[in-house]
Amino acid sequence: MEAMRTRWSDERLDDLNQSVREVKGSIVRLDGRIDRLQHAMVVSVVAICTMMFAGFGALITLFAIHF
């Protein structure tokens, strides 16, 4: 293993800074993807609930007409 350095050079600090910026950029992109996924899930649940409500309403109407 490489011995630990007691001092950080400017180049190493710049490399670390660049790595941190890349990680932050990745997190921001991931956060945006999660937001879009959450929005899609909410829209899907609302659509499924609407379809179920309409289907049950149609069944109740059919039963009411025939009985």
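# A tour along one helix

Start with the whole molecule shown as a surface: the accessible area is about 6,700 Å², and 67% of that belongs to carbon and sulfur atoms. Keep in mind that this is a predicted model.

Now switch to a cartoon view. The secondary structure amounts to 1 helix and 0 strands, and the helix, H1, covers residues 10-66. Turn the C-alpha trace onto its principal axes and you will find that it spans about 90 × 20 × 10 Å. How does the radius of gyration stand against that of a compact globule of 67 residues? The protein has 28 Å, while the globule would come near 11 Å. Colour by accessibility next: of the 67 residues, 0% count as buried.

**Charges**

Select the charged side chains. There are 8 positive and 8 negative ones, and the centres of the two sets lie 3 Å apart. Then narrow the selection to Asp10, Glu11, Asp14 and Asp15, which together form a negative surface patch. Zoom in on Asp15, a residue of helix H1. Asp15 counts as exposed because its relative accessible area is 52%, and the cut-off for exposed is over 50%.

**The middle of the tour**

Move along to His39, also placed in helix H1. Is His39 buried or exposed? With a relative accessibility of 55%, His39 counts as exposed. Draw a distance from the C-alpha atom of His39 to that of Leu62: the two are 23 residues apart along the chain and separated by 35 Å.

**A nonpolar patch**

Leu62 is a good stepping stone, since it belongs to the next selection. Pick Ile48, Met51, Met52, Phe56, Leu59, Ile60, Leu62, Phe63 and Phe67, and you have a nonpolar surface patch of about 1,000 Å². Within this patch, click on Met52, which lies in helix H1. Met52 has a relative accessible area of 45%, so it is partly exposed; that class runs between 20% and 50%.

**Last stop: Gly57**

Finish at Gly57, another residue of helix H1. Gly57 is partly exposed as well, at 30% relative accessibility. For one more distance, join the C-alpha atoms of Gly57 and Val45: they are 12 residues apart along the chain, with 18 Å between them.

Before closing the viewer, you could show both patches together: the negative one with Asp15 and the nonpolar one with Met52.

Methods:
Residues numbered from 1 in each chain as written. Predicted model: local features only at pLDDT ≥ 70, side-chain atom pairs only at ≥ 80, totals over all residues. Heavy atoms only, no water. Patch = residues over 30% accessible without salt bridge, like charges linked within 9 Å, V, L, I, M, F, W, Y side chains within 5 Å. Areas by Shrake-Rupley, 256 points an atom, 1.4 Å probe, with all protein chains shown as cover. Salt bridge = Lys/Arg side-chain N within 4 Å of Asp/Glu carboxyl O. Lys, Arg positive; Asp, Glu negative; His and termini not counted. Charge placed at Lys NZ, Arg CZ, Asp CG, Glu CD. Helix = DSSP H or I, 4+ residues; strand = E, 2+ residues; numbered from the N terminus. Buried < 20%, exposed > 50% of the residue type's maximum accessible area, 1.4 Å probe, protein only. Rg over C-alpha atoms; globule rule 2.2 N^0.38 Å.
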